[in-house]
Amino acid sequence: MTRVSTLVKQALAGLRLLLVLTVVTGVLYPAGVWAVSRLPGLHDNAEAVNTTLVGVAREGDGWFHLRPSAATLPASGGSNKSQVNPDYDRVVADRRTEVARREGVAEDRVPQDAVTASASGLDPHISPAYADLQVPRVARERGLSERWVRKLVAEHTSRRGLGFVGEVTVNVTALNRALTDGG
Amino acid sequence: MWAGVAQAALLVVALAVVYRPFGDHMARVYQRTEHSAVERAIYQVVRVDPGTEQKWSTYALGVVGFSAVGVGFLYLLQRVQSWLPFDFGRGNVEPGTAFNTAISFVTNTNWQSYVPENTMGHSVQLVGLTVQNFVSAAVGLAVAMALVRGFVRVKTDRLGNFWVDLTRGTLRILLPVAFAFALVLLVTGVTMSFKSGVAVDGQTVAQAPTASQEAIKELGTNGGGVFNANSAHPFENPNAWSNLVELFLILVIPVSLTRTFGTMVGERRQGYVLLGVMGTLWTAVLALIWAAEASGVRPLEGKELRFGVAGSALFANTTTATSTGAVNSAHDSFSGLGGGGALLNMLFGEMTPGGVGTGLYSILVMAVIAMFLAGLMVGRTPEYLGKKLGRREVTAAALSILAMPTVLLVGAGIAAVLPSTPGALGNDGAHGLSEILYAYASASNNNGSAFAGLTATGDWFQASLGVCMALGRFVPIIAVLALAGSLAAQRRAPVTAGTLPTTGPLFAGLLGGAVVLVAALTFVPALALGPIAEAML
């Protein structure tokens, strides 16, 4: 009986403290972070204005294509398919055939990122190899020189920070926007 | 390869830089006797006397009572979401999901059976989920500190005041660090918006007040993201730098707590030896996951190119070794041994280095077990830190250690034979069993990551995983506090020639061996049928 009454007493004290901490950590804390995010240098990051952080598919041969996506917009998500899933093996094989046909190359030249889905389904990046594969088609469709498109790809290829932080990737969202600006 | 090693090295260096000052800061937070003006005002408002110290049983009832009202509050908040602002018509959360989610966030698990972008509005995210990200972490810290006091104090039945420990952990450790790093994350590109979505090239991508949640989600080893893809979502984790910042946040408290511990017991080497064991196992499993992923069939499936295999393996290892459960890649798409490594980290019982507070108290309990085993071998009553480990102490430690495997194996065992389960699996065969095992390991260890191909929205999974989360959290906590109570009541045993030193490599080997042995003896059959079988296909 004393245990029960102690528990009730503790729970009531807990409820009062929870409400106070809710104000502090659930209202004041995010409000503080939000207020700082309104600073001119941070505002556009915070609101993702013209963001190139995410990639969404653009239909048509005049664009650089992203990796396959398993996301159902506006939500994010991956395929969650295992590496020993025969059904998914066939999906990946079909994608490889499709990309090879679209770019007019042999299937063994199709890089792996072209046929696998990212975890978010919003990955804006592709490998330099996959970008390279797409250059002739994009140049042809847009009536641009391959050299110029290749230069554009190079401009949107990121290097590793300090030489070791991150991976070498091409940002397709930024690259496609640059295509329309330049073309 | 070397770029990835250099990234891991940079992370370790950053942790080494803050280890001493931050670890000692945490020790001062829990050792000081005076209260700040803000804290005094809070104690007055909530009507608790900060000067009164509690017995272990009162302390435990405080933890349980506080968590129970937390579950109730969070459940209700979700159930009335449609009345709250920023709900974007997502409606009241379904009862099963609300039940599971309330327990999930209060137990520091942050298992998410829902798709946040379609289910949770910003009000519930902030006023409900963010709050529990703070206070569930502060509860873990408080319990760890109570156990450390059990070792430090002599002949007393008092372990401290739970309300004071909870308030201090929140206001003096979690809040300032989370605020500072939320701003750092903003600079790296993490978003902070109260809109429901943002237009990108003709389509809409969901938006959220991300940065504030992201910082505490990692710092408190919580793991519950504002987006379905969690830290794989570019708005939560935009680049390799933000990835390193988030990894740092995940590790900084569990790692530095070994310093806090050493400082509080008056012998820093006692903490270093724990860190050595934690670091060795963390590194070994990282090597396993990384090697397995680098040689996988489809290494890039479920991974973001900006992180690559190296950044994904580093994150997967860290998030599962710390009970965080945030993910920057889809663990379900990992190779047999890669996903198996993540699973193994959880099966170790989350102590390499484990979650905020939970990691420290878990490895201290394992140290008690290791010393007990050593005592059996030489036929002496075991001691640890000058306290005798008798029947009461070893019983409490054993109860704490056995709770997780028991609820995990019972839950997974039932799930594996239910007729409804095959329909919930995302993949067949050995990998399907791994999905079940992973879910129950994640819930029972309060991790929260998933092999997300498993559809966990059915009644059985919502209910049983909720129960596993609660038992996996509170049975060990009560046992740990009971252990602390009986340690504090003892006098200090003098060091003699027969005392096994607990600062050297012999003890480190015993402790690391105990961690691996307990997991191996319990889980080898399950692992053989899941990840190991898959690796042999």
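This report describes a helix pair and a long-axis check within chain B of a predicted model, and then the contact between chain B and chain A.

## Packing of α9 and α10 in chain B

In chain B, helix α9 (residues 240-265) packs against helix α10 (residues 268-294) with an angle of about 155° between them and their axes 6 Å apart. Because angles over 145 degrees count as roughly antiparallel, α9(B) and α10(B) are therefore described as roughly antiparallel to each other. The crossing in which α9(B) passes α10(B) is right-handed.

On the side of α9(B), the contact is made by B:V255, B:T258, B:R259, B:F261, B:G262, B:T263 and B:V265, while α10(B) contributes B:R268, B:R269, B:Q270, B:G271, B:Y272, B:L274 and B:L275. Sorted by class, this contact of α9(B) with α10(B) has six nonpolar, five polar and three charged residues.

## Helix α17 of chain B

Helix α17 (residues 459-488) of chain B has 30 residues, which at 1.5 Å a residue should span 44 Å, and the 43 Å between its end C-alpha atoms agrees with that expectation. As for its surroundings, α17(B) is mostly covered, since 24 of its 30 residues are buried.

## Contact between chains B and A

The contact between the two chains takes 88 residues from chain B and 69 residues from chain A. On the side of chain B that touches chain A, helix α3 (residues 56-79) of chain B gives the most, with 10 residues. By class, that side of chain B has 48 nonpolar, 30 polar and 10 charged residues.

Terms used:
Residues are numbered from 1 along each chain as its sequence is written. Chains are lettered from A and ligands numbered from 1 in the order in which they are written. This is a predicted model: local features need pLDDT of at least 70, side-chain atom pairs count only at pLDDT 80 or more; totals for chains, interfaces and linings use all residues. Axes are lines fitted to C-alpha atoms, for helices over the stretch in contact, and angles run from 0 to 180 degrees between N-to-C directions. Helices (H or I, at least four residues) and strands (E, at least two) are DSSP runs, numbered from the N terminus. Angles under 35 degrees count as roughly parallel, over 145 as roughly antiparallel, 65 to 115 as roughly perpendicular and the rest as oblique. A crossing is left-handed if the near helix is turned anticlockwise from the far one by less than a right angle, and right-handed if clockwise. Two residues are in contact if their C-beta atoms, placed from the backbone, lie within 7 Å. Ala, Val, Leu, Ile, Met, Phe, Trp, Tyr, Cys and Pro count as nonpolar, Asp, Glu, Lys and Arg as charged, and the others, Gly among them, as polar. The expected span of a helix is 1.5 Å times one less than its number of residues. A residue is buried if 20 or more other C-beta atoms lie within 10 Å of its own, exposed if 12 or fewer, and partly exposed in between; C-beta atoms are placed from the backbone.
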